[in-house]
Every structure is written in C-alpha cells, then in structure tokens.
Amino acid sequence: MIRKILVYLFVTAATLCILITMASLLYNTQLWFLKVLDFPREQTLLACFICLLGFVALNRRWSGAAILLVVGLVTATALQAYIILPYTSFWPKAAPSATVSGPAARAHSFSLMISNVWMKNRNAAGLLHLVEKTDPDIVLAMETNQWWANQLAPLKKRYPYTILYPLPNTYGMMLYSKLPLRASHIRILQQDSVPTFDTEVQLPDGRRFKLYAVHPVPPVPSPYPDNVGEQEHKEVTLLKVGEIVARDTLPTVVAGDFNDVAWSNTSRLFGQTSKLHDVRIGRGFYNTFNALSFFKRWPLDQIYAAAPFQVQELERLPKYGSDHFPMYVKLVLPQR
C-alpha cells in the first residue's frame, strides 16, 4: 500500500517536473509566472532525477503510460542539464584564464567587487569589512538609498573616483574606484528611476576600458519602480546596453545585478548583441541569490567582459546580511 502511494506521488511530481520544464522553454512571452520558471533549473533538474530514480525503483507495471512518463522525465532531465551545463567546469571557458599573474600582471589588471546590499539590510559594517579584506580596485554597490550612501561614505578616502546615485526605490547604485574615471554618464534607458552607469576606467598602465553598471527590473510584478501590471523591461534595458557596447571602441566590462539568471534567453541575447563573454561559463554557477536560503539560489549578479580580458580570479564572497552574495573578479587586459 505504501509503495502504491509513493508511486502515485512520484507520478504526480514527475508530471509537474515535465510540465515545468516544457513551459520554461517558452521564451517569447510576457507572462511573468512562465518567465520565472527559467530560474530554478538546478532545483528542477534535481527533482527530475529524484523522480526518475524513485519511479523506476518502485513501479511494477510497465504500461505504455509508464514508459511515456519515463521518456518524458529523461527528456526533461536532459533539457535542464543541457541548459545549465555551460555553467560547470565541464564546459570550455568563454572568458579565458589569465596567462600572466602576480606582479607582472598588476599594471594590466583590475579587480571588481559587486554587491546588491539589500536596501533594508543594516549591516553596512559587514560590507565595509569585506571591502577592506578583499581590497578591490572598484566597488559597485546596488540597491543603495541615502542611508547606505551615508554608511559607505568612508570608502571615499580609499576610492576617490565615484559615481553616486542613491535612490529610495531599490534601484540606487554607487560606484567607488581607486582607478581614474573619465567621461562618466548616468543613463536612463527605460524607466525614469532605474539608472545605468557607464564610464571609462584607466588601468595602471595607462590604457582605458569601458565599464557599465546595470540593475534592471526583475521579470515579476513589483512596486519598484512601476512594474505592476506592466510588461517587464529587463530585456529592453539589457539589449539597449548590448547595442551601446557593440559600438564601443574600447574593451568593455558590464557588471551588476541582472535580476535574471545567467542562462536565460535575455542573458544569451545580451551576450550575442554586446559580443561580451560571461565569466561564469566554464567555471561554475556562483549562485548569488538568495543568500538567505540554502536551496532557493541562482546566479543573478553577473559580469561580462570583452574578448581581450582574461580572468585571473573569480569568487563568490561571504554573505554579510544582504539577500545577495557579493561577487569578486580580477580581470587582466594583456598587452598586444
């Protein structure tokens, strides 16, 4: 009797996993509840695999329907694995690893730390401690309001070059740099209260590159800033940035909280449009959200770099009270 109940449970769960997997392939839709199915691919893959093992182990009647369910589960498992496989070490690296390190690369490299601080988080000291410990050349803090601007003001002593745009709507951003910035702009690409930064950064060897900081709205209804009942505009913002980047003559880096998973159709289109490489590909998931949950995690904070850049270090940093883990990357721009 228990075995029969378990079989029915596995059949129900397996059917749900198959339906979720198939629905998650519907990219050209404005239905947010279908778009979010793109997020939990790791979790859905695990659920598909458990259902497959459980059903095969417990089922005793191999009818046509049972065989069809197994075929569906195998297909769903394979599809989920195929989509996330590039974000494992089994896949070739999109951005190559640095061939030179140490003092020889110092003049040609820079380090970047990005962190969505979670506006209601009050552990600013935790972030300041991470910055001091990691000592990046550039710090990008997102979801910063005036309270956070006040708390992070001490960074100006070590980071004299800044772009500061605190907002009360969870889309404020602040950029702190040890390296000189020039031709800095705050762009409003879609919504009036969602900024995008772009600036030229000068490396120690005198060469320059473009840095874009982004934090578009998520693909779910949100009161911040005006996403309730509207089509979400994440694709518009990212693709506009991609088109701008494609026209840049300097090597480019784009970083921020994309509010989208690394393997999404939007992220893929952004990479194609901008001709930039996701530094995660071939290295790992580096799930940054949700830092408050052990199981519900996915890679939302992303870093893309132009082909000349090489990755010397990539790390997910410890949490400090935000619902996002910070990300740290050190990139090298080799001399030609």
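Start by selecting W118, which is partly exposed because its relative accessibility is 21%; here buried means under 20% relative accessible area, exposed over 50%, and partly exposed in between (1.4 Å probe, protein chains only). W118 sits in the loop between β1 (109–116) and α6. The helices and strands on this tour are DSSP runs numbered from the N terminus (helices H or I, at least four residues; strands E, at least two). Look at the backbone of W118: phi is near 65°, a positive value in a residue other than glycine. Most residues other than glycine have a negative phi, and most peptide bonds are trans.

A note before moving on: you are looking at a predicted model, in which local features need pLDDT of at least 70 and side-chain atom pairs count only at pLDDT 80 or more, while totals for chains, interfaces and linings use all residues. Residues are numbered from 1 along each chain as its sequence is written, and side-chain values use heavy atoms, with hydrogens and water left out.

**More backbone stops**

Next, select E143, in the loop between β2 and α7 (146–151). E143 is not a glycine, yet its phi is positive, at about 65°. With a relative accessible area of 11%, E143 is buried.

Now go to the peptide bond from F289 to N290, which is cis, with omega near 15°. You will find N290 in the loop between β9 (277–278) and β10 (301–305).

**Helix α9**

Select S267 in helix α9 (residues 265–274). How much relative accessible area does S267 have? The value is 1%, so S267 is buried. Leaving aside residues up to four places away in sequence, S267 touches F258, D260, V261, A262, Q302 and Y304, where contact means heavy atoms within 4.5 Å. Colour the buried residues of α9 and you will have N265, T266, S267, F270, G271 and S274. Step just past α9 to K275, which takes a positive phi of about 65°.

**Salt bridges**

Side chains of opposite charge can pair when their charged atoms come close. How many salt bridges does a search of the whole structure find? The search gives eight, counting a side-chain nitrogen of Lys or Arg within 4 Å of a carboxyl oxygen of Asp or Glu.

Show D135 and K178 as sticks: they form a salt bridge with the closest N and O atoms 2.4 Å apart. D135 is in the loop between α6 (124–134) and β2 (138–142) and K178 in the loop between β4 (173–177) and β5 (181–188), so this pair ties together parts that are 43 residues apart in sequence. D135 is partly exposed at 36% relative accessibility, and K178 is partly exposed at 28%.

Then select D198 and R187, whose side chains meet in a salt bridge (2.4 Å, N to O). D198 belongs to strand β6 (residues 195–202) and R187 to strand β5, so the pair ties together parts eleven residues apart in sequence. D198 is buried, with a relative accessible area of 2%, whereas R187 is partly exposed at 28%.

Keep D198 on screen and add K210, another salt-bridge partner, with the closest N and O atoms 3.9 Å apart. K210 lies in strand β7 (residues 208–214) and D198 in strand β6, so this pair ties together parts twelve residues apart in sequence. Both K210 and D198 are buried. Add D248 as well: salt bridges that share partners join R187, D198, K210 and D248 into one network.

**Helices α1 and α3**

Two packed helices are described by the angle between their axes and the distance between the axes. Select α1 and helix α3 (residues 41–58): their axes come within 9 Å and cross at roughly 145°. These axes are lines fitted to C-alpha atoms, for helices over the stretch in contact, with angles running from 0 to 180 degrees between N-to-C directions.

To see the contacts, pick residues including L6, F10 and C17 in α1, and C48, C51 and F55 among those they meet in α3. L6 lies in helix α1 (residues 2–23) and is partly exposed at 34% relative accessibility.

Finish in α3 with L46, which is partly exposed, with a relative accessible area of 44%. Add T77, 31 residues apart from L46 along the chain: their C-alpha atoms are separated by 8.3 Å.
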